[in-house]
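Biologist: Thanks for sitting down with me. Could you walk me through this model, one question at a time?

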Amino acid sequence: MSGIGKQKASTLEKSLGKGKPEVNIATFALLFSEIVQYCQNRVHTVPELQKKLSELGQSVGCHMLDVIFLREKGYKREVKLLNMLIFIKSSFWKIVFGKEADKLEQANDDDRTYYIIEKEPLVNKFISVPRDKGSLNCAAFTAGILEAVLNGANFPAKVTVHWHKGTTFMIKFDESVIARDKMVDSR
Amino acid sequence: MSRQGNRAGDPRKVNGELFTLTYGALVAQLIKDYENDEQVNKQLDKMGYNMGVRLIEDFLARANTGRCNDFRETADVIAKVAFKMYLGLTPVVSNWSTTGDEFSLLLESNPLTEFVELPPGHSNLNYSNLLCGALRGALEMVQMDVDVRFVQDILKGDNITEIRLKFIKRLEDAVPVGED
């Protein structure tokens, strides 16, 4: 028992490491394909499959948030909405997926909704969707990551994925976030 | 190397932490779905096997190693080429048995277990069992029946992670009925 206790302390005490340890894309792609297959065997409909992938993504996202914010932003957290979105679209996307997201847009008629657009998300690179699963977009996994990152950084939101201009992540923020942001701006 | 900030990034590489966390999310999901650690181990082994079966094709296409003449060469290729290509680390080959059909891979660090601790109550869980399945699957595709298992695991408190590979037999391609 004492051995395990020692180990627990050391994992949390270890430094984060400046590393960008890199792994072959084939390894990740095959792992992701296994994950999709595993989820597929346990659900009956496409929306359920996307939900399961999103949940897995959320588990990844909430851990990723801590690691990346500590390393990149030096213990300072983002308070303003637009800065957070820009950080996600550029730095966060670059670190996690190797390149920036293609576009960040705001909905014309709704100030709660933003879109991040990517022509070909990394996770979909080696995935082909069979015809009977028409609307399945495995980037639901990435949507889960985004949702966890935003929620964890105190910008509660819902992120859904759509086939539009490639893949579009629709981010719908809570009213409270927009109201709070307006207050911060007006100071 | 000095212009790393501007590098577009090798298109064949992916952030290692994304990989580690994705694997972690998968194992956590499996633990929730299955009742005991043994079943999780089996499922991880199966998924690893499926991955290995496809990974070997990518490996043979990219690495220009020829056929291995014996098990020792196989061990070296696995440790020095394959692990390096797919996981970015090089384990040490050691503990050869006297008959030359069994050896160990010693890993000092394991990218799958980067931020991981095993909670109490899961001491039977072979967290990195995916690796065993992958090695088994890949070697089966090159006509080798190999038994792969964990002997030591840093997550369980040992000093080093040790995977033992035992050569069982050579597999012959089954010829379809009616052909010679």
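Modeller: Happily, and please keep in mind that this is a predicted model. A good place to begin is a pair of residues: A:Lys103 stands opposite A:Ile117 in E3(A).

Biologist: Which residue is the bridge partner of A:Leu104 in E3(A)?

Modeller: Strand E2 covers residues 103-106 of chain A, and four bridges join E2 to E3(A). The two strands run antiparallel, and A:Lys103 faces A:Ile117. For A:Leu104, the bridge partner in E3(A) is A:Ile116.

Biologist: How many residues lie between E2(A) and E3(A) in their hairpin?

Modeller: E3 of chain A spans residues 113-118, while E2 of chain A spans residues 103-106. They form a hairpin, and the number of residues between them is six.

Biologist: Which strands stand at the edges of the sheet in chain A?

Modeller: The sheet is open, with four strands in the order E2-E3-E5-E4 and antiparallel pairing. Two of these strands have a single partner each, so one side of each is left without a neighbour in the sheet. Those edge strands of chain A are E2 and E4 (157-163).

Biologist: By what angle are neighbouring strands of this sheet turned against each other on average?

Modeller: Here the direction of the strands is ignored. On average, neighbouring strands of the sheet are turned by 20°.

Biologist: Which helix of chain A lies across E2, E3 and E5?

Modeller: Two helices are worth looking at here. H5 of chain A (residues 140-152) packs on the sheet and touches E4 and E5, its direction making about 160° with that of E4(A). The helix that lies across E2, E3 and E5 (167-173) runs at about 15° to E3(A) and covers residues 81-97 of chain A: this is H4.

Biologist: Is A:Thr113 buried or exposed?

Modeller: A:Thr113 sits in strand E3 of chain A. Not counting residues up to four places away in sequence, A:Thr113 touches A:Gln106, A:Ala107, A:Met170, A:Ile171 and A:Lys172. Buried means under 20% relative accessible area, and the 4% of A:Thr113 makes this residue buried.

Biologist: Which side chain makes a polar contact with the side chain of A:Thr113?

Modeller: Among the residues that A:Thr113 touches are A:Met170 and A:Lys172. The polar contact between side chains is at 3.4 Å, and the partner of A:Thr113 is A:Lys172.

Biologist: Let's turn to the two chains together. What is the area buried between chain B and chain A?

Modeller: In terms of contacts, 39 residues of chain B meet 38 residues of chain A. Carbon and sulfur atoms give 63% of the buried area. The area itself is about 3700 Å².

Biologist: Which residues of chain B lose the most area to chain A?

Modeller: There are three of them, and together they give 16% of what the chain B side buries. They are B:Val14, B:Leu18 and B:Glu117.

Biologist: How many residue pairs are in polar contact between chain B and chain A?

Modeller: Salt bridges come to one across this interface. For polar contacts, with both residues at pLDDT 80 or more, the count is eight.

Biologist: Which element gives the largest share of the side of chain B that touches chain A?

Modeller: Strand E1 (13-15) and helices H1 (16-33), H2 (37-62) and H3 (71-87) of chain B each supply at least two residues of that side. The largest share is twelve residues, and the element behind it is H1(B).

Biologist: Which residue forms a salt bridge with B:Asp33?

Modeller: The closest N and O atoms of this pair are 3.4 Å apart. B:Asp33 lies in helix H1 of chain B and the partner in the loop between H2 (25-40) and H3 (46-72) of chain A, so the pair joins two chains. B:Asp33 is partly exposed at 24%, and at 36% so is its partner, A:Arg42.

Biologist: How many residues apart are A:Glu55 and A:Lys51?

Modeller: These two form a salt bridge, with the closest N and O atoms 3.2 Å apart. A:Glu55 is partly exposed at 37%, whereas A:Lys51 is exposed at 53%. Both lie in helix H3 of chain A, about one turn of the helix apart, and the separation is four residues.

Notes: Residues are numbered from 1 along each chain as its sequence is written. Chains are lettered from A and ligands numbered from 1 in the order in which they are written. This is a predicted model: local features need pLDDT of at least 70, side-chain atom pairs count only at pLDDT 80 or more; totals for chains, interfaces and linings use all residues. Side-chain values use heavy atoms; hydrogens and water are left out. Buried means under 20% relative accessible area, exposed over 50%, partly exposed in between (1.4 Å probe, protein chains only). A polar contact is a pair of N or O atoms within 3.5 Å; within protein, one must be able to donate a hydrogen and the other to accept it, and residues adjacent in sequence count only if both atoms are side-chain atoms. Contact means heavy atoms within 4.5 Å. Two strands pair if DSSP finds at least two bridges between them. Axes are lines fitted to C-alpha atoms, for helices over the stretch in contact, and angles run from 0 to 180 degrees between N-to-C directions. Buried area is the accessible area (1.4 Å probe) that two parts lose on being put together, summed over both. A salt bridge is a side-chain nitrogen of Lys or Arg within 4 Å of a carboxyl oxygen of Asp or Glu.
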